[in-house]
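Here are some questions and answers on how terms are applied to one structure. Keep the sequence and the 3D view open while reading.

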Amino acid sequence: MQIAPLGHVTPLPQLERARWERRARLLAWGGNAWHLIEFGIAIGAGIAAGSIALIGFGADSLIEGLAGFVIVWLFTGARLGSEAAERRAQELVAVSYFILAAYVAVESVRTLLGGHHPKTSWIGVGLAAITAPTMPLLARAKRKVGNKLYSSATVSEASQNMICAYLSVALLVGLLGNALLGWWWSDPAAALVIAAVALREGRESWRGELCCDDCC
């Protein structure tokens with residue numbers, strides 16, 4: 001991954017940049033609306049089934065919502081085009097990655113060590129099955145906007161949507177493994193992999209790495 005300093009890029013024409021900034025805000029608001037739905041379903045189903053994986057997935061939705069609000073903040077008012085605001089937004093997105101990684105890792109280890117056996121949750125299976133293919137589409141759209149605006153924070157937030165897709169797949173495998181094969185340990189084990197990915201993405205965002213069209 002190459003690093004592109006924000007001060008050395010060719011700025012977009014004002015009208016074109018305004019159009020992409022508006023698209024960034026719309027994608028952030030749309031993503032946040034879906035994350036709110038995810039949160040409600042995952043937390044409710046997780047409590048009902050006693051599933052740490054589902055509750056963790058709901059927490060992930062809240063963290064992704066936080067990252068989406070950071071992007072709305074970045075492309076609103078006096079912060080438009082500000083390199084200082086871009087860097088602050090990038091750091092806030094990185095912090096949200098670290099929170100996600102820490103939460104998933106701790107809860108996964110607790111579940112594995114405690115030998116907790118969650119109940120079957122077909123609602124959770126349905127939620128994961130819907131989220132897994134849709135999050136990459138949202139991530140691709142946000143990444144395109146981030147590349148156009150040379151916004152590391154937007155690209156990082158798009159990567160977080162991809163982590164949501166990975167977590168959805170892990171959740172789906174875990175829930176199905178528990179429901180069909182009795183593998184209660186499968187979802188916390190897979191979640192540990194997701195925590196490692198989240199930690200890596202957070203480190204890249206904190207260092208200020210910007211992924212552009214020619215290097216992504």
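Q: What percentage of the 216 residues in the protein chain is made up of buried residues?
A: In this predicted model, buried residues make up 47% of the 216 residues in the protein chain.

Q: How many helices and how many strands does the protein chain have, and in what order do the elements run?
A: The chain has 6 helices and 0 strands. Starting at the N terminus, the elements run α-α-α-α-α-α.

Q: Why is G68 called buried or exposed?
A: Buried means under 20% relative accessible area. G68 has 0% relative accessibility, so G68 counts as buried. Its place is in helix α2.

Q: Why is G30 called buried, exposed or partly exposed?
A: The value for G30 is 41% relative accessibility. Buried needs a value under 20% and exposed a value over 50%, with partly exposed in between. Because 41% falls in between, G30 counts as partly exposed. G30 is in helix α1.

Q: How far apart in space are G30 and G68, C-alpha to C-alpha?
A: The two glycines are 9.1 Å apart in space, with their positions 38 residues apart in sequence. G68 can also be set against N32: these two are 36 residues apart along the chain, and their C-alpha atoms are separated by 6.2 Å.

Q: What makes H35 count as buried or exposed?
A: H35 has a relative accessible area of 2%. The limit for buried is under 20%, so H35 is buried. H35 lies in helix α1. The C-alpha atoms of H35 and S61 are separated by 5.0 Å, although the two residues are 26 residues apart along the chain.

Q: How do you know whether V70 is buried or exposed?
A: The relative accessible area of V70 is 7%. That is under 20%, therefore V70 is buried. V70 lies in helix α2. V70 and V93 are 23 residues apart in sequence and 7.3 Å apart in space, C-alpha to C-alpha.

Q: Which residues have the most contacts inside the largest nonpolar core?
A: They are F57, F75, L100, V145, L149, I163 and L171, in a core of 41 residues. The helices α1 (14–49), α2 (52–74), α3 (83–114), α4 (122–149), α5 (152–181) and α6 (186–207) each supply at least two residues of this core. As a general tendency, nonpolar side chains in soluble globular proteins are buried together.

Q: Why is L181 called buried or exposed?
A: Exposed means over 50% relative accessible area. L181 is at 53%, so L181 counts as exposed. L181 lies in helix α5. Together with W122, L180, W183 and W185, L181 makes a nonpolar surface patch of about 600 Å².

Q: What makes the pair R110 and E107 a salt bridge?
A: A side-chain nitrogen of Lys or Arg has to be within 4 Å of a carboxyl oxygen of Asp or Glu. The closest N and O atoms of R110 and E107 are 3.2 Å apart, so the pair counts as a salt bridge. The structure holds 1 salt bridge. Both residues lie in helix α3, 3 residues apart, which is about one turn of the helix. In general, side chains of opposite charge can pair when their charged atoms come close.

Q: Why are R110 and E107 each called buried or exposed?
A: R110 has a relative accessible area of 56%, which is over 50%, so R110 is exposed. E107 has 12%, which is under 20%, so E107 is buried.

Q: How many cavities of 30 Å³ or more does a search of the whole structure find?
A: The search finds 2. The largest cavity holds about 190 Å³ of space. This cavity is lined by 17 residues, of which I52, A53, S108, D187 and A191 are the closest to its centre.

Q: Which element supplies the largest share of the lining of the largest cavity?
A: The largest share, 5 residues, comes from α3. At least two lining residues come from each of α2, α3, α5 and α6.

Key:
Residues numbered from 1 in each chain as written. Predicted model: local features only at pLDDT ≥ 70, side-chain atom pairs only at ≥ 80, totals over all residues. Heavy atoms only, no water. Core = buried A, V, L, I, M, F, W, Y, C linked by side-chain atoms within 4.5 Å. Buried < 20%, exposed > 50% of the residue type's maximum accessible area, 1.4 Å probe, protein only. Helix = DSSP H or I, 4+ residues; strand = E, 2+ residues; numbered from the N terminus. Patch = residues over 30% accessible without salt bridge, like charges linked within 9 Å, V, L, I, M, F, W, Y side chains within 5 Å. Areas by Shrake-Rupley, 256 points an atom, 1.4 Å probe, with all protein chains shown as cover. 1 Å grid on protein atoms, 1.4 Å probe; cavity = no way out; pocket = protein on both sides within 12 Å on 5 of 7 lines; lining within 4 Å. Points joined across faces, edges and corners; volume = space filled by probe spheres on them.
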